[in-house]
Amino acid sequence: LLRERTDAAERFVELRDRLAARLRDPATELPDGLLTQLVGERAEPANDLPLLEALRARLAASPETTPAAGQRAELLHAIAELELRLGRDDEARAAFGKLLEVSPTEGLRWRVLMLDVDRERWENAEALLVPMLVDPLAPEVLRYLHATALAHLGRFDELLRLLDQLAPPP
């Protein structure tokens, strides 16, 4: 598919549709990293949509116990990235939320946190920040992001307590 993409547009559409049909089928075994590779390739939104629909169908057809956690995580990550690329922020955030439940890595938490801050989703950002701040060695920037989220949420009493902790001693 990647090789044919640059050669002939008609052939690419045919291959894309065949790939989407295979991806839709939960019985088709996918090699590790395939979805990451496919999503990493820049494509026109018209080409992303069939892939996204196929991945969503595959996810819906698979019970939560199947595929394996790693494959499910890759599937959710691919869906989230495609949704984001297509400008569907709510759907992307929902997929990232499910991915955080399946595979909660530090890098993913940061990615979703920065996405929430960028989109000014302060409730989501604050919910992510609370467990991240449990670690006493958490970066200071998380505390400032937490203060920003609390300010936007209008939770001023909590904000003042946090600012007292952040302020240097006199």
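In these legends, a residue is called buried when its relative accessible area is under 20%, exposed when that value is over 50%, and partly exposed in between (1.4 Å probe, protein chains only). This is a predicted model, in which local features need pLDDT of at least 70 and side-chain atom pairs count only at pLDDT 80 or more, while totals for chains, interfaces and linings use all residues. Residues are numbered from 1 along each chain as its sequence is written, and side-chain values use heavy atoms, with hydrogens and water left out.

**View 1. Leu23, Leu55, Phe96 and Leu113 touch the most other members of the largest nonpolar core.** This core has 40 residues; a nonpolar core is a set of buried Ala, Val, Leu, Ile, Met, Phe, Trp, Tyr and Cys residues joined through side-chain atoms within 4.5 Å. Two or more core residues come from each of α1 (9-24), α2 (34-40), α3 (45-61), α4 (69-85), α5 (89-102), α6 (106-118), α7 (122-132) and α8 (140-153). Helices here are DSSP runs (H or I, at least four residues), numbered from the N terminus, and strands would be E runs of at least two. Helix α4 gives the largest share, eight residues. For a closer look at one member, follow Leu23: beyond its neighbours within four places in sequence, Leu23 is in contact (heavy atoms within 4.5 Å) with Leu30, Leu35, Leu38, Leu51, Ala54, Leu55 and Arg58. A second, separate core has five residues, among them Ala147, Leu150, Leu159 and Leu162.

**View 2. Helix α6 has the span expected from its 13 residues.** The expected span is 1.5 Å times one less than the number of residues. For α6 that comes to 18 Å, and the C-alpha atoms at its ends are 18 Å apart, so the two values agree. Which residues of α6 are buried? They are Leu108, Val112, Leu113, Leu115, Asp116 and Val117. Just after the helix you will meet Glu120, which has a positive phi, near 60 degrees.

**View 3. Arg93 and Asp116 form a salt bridge, and both are buried.** A salt bridge needs a side-chain nitrogen of Lys or Arg within 4 Å of a carboxyl oxygen of Asp or Glu. In this pair the N to O distance is 2.8 Å. The partners sit in distant parts of the chain, with Arg93 in helix α5 and Asp116 in helix α6, 23 residues apart. This bridge belongs to a structure that holds eleven of them. Elsewhere, Arg56, Glu83 and Arg88 are joined in a network of salt bridges.

**View 4. Arg155 has salt bridges to Glu126 and to Glu158.** The Glu126 pair has an N to O distance of 3.4 Å. It links distant parts of the chain: Glu126 belongs to helix α7, and Arg155 to the loop between α8 and α9 (156-166), 29 residues apart. The Glu158 pair comes in at 2.8 Å, N to O. How accessible are these three side chains? Glu126 counts as buried because its relative accessibility is 10%, whereas Arg155, at 28%, counts as partly exposed. Glu158, at 29%, is partly exposed too.

**View 5. The buried residues of α7 are Trp122, Ala125, Glu126, Leu128, Leu129 and Met132.** Their arc around the axis is only 165 degrees, so they lie on the same side of α7; the arc is taken from the directions from the helix axis to the C-beta atoms. What covers these residues includes α5, α6 and α8. Take Trp122, which has a relative accessible area of 12% and is therefore buried. Apart from residues within four places in sequence, Trp122 is in contact with Val117, Thr148, Ala149, His152 and Leu153. Trp122 and Thr148 are 26 residues apart in sequence, yet their C-alpha atoms are 8.4 Å apart.

**View 6. His146 and Arg143 both lie in helix α8.** His146 is buried, with a relative accessible area of 11%. Not counting residues up to four places away in sequence, His146 touches Glu126, Leu129, Val130, Leu133 and Leu162. Its C-alpha atom is 7.9 Å from that of Ala125, 21 residues away along the chain. Arg143 is buried but has no salt bridge; Glu140 offers the nearest side chain of opposite charge, 4.0 Å away. For charge, Lys and Arg count as positive and Asp and Glu as negative, with His and the chain ends not counted. Beyond four places in sequence, the contacts of Arg143 are Leu133, Asp135, Pro136, Ala138, Leu162 and Leu166.
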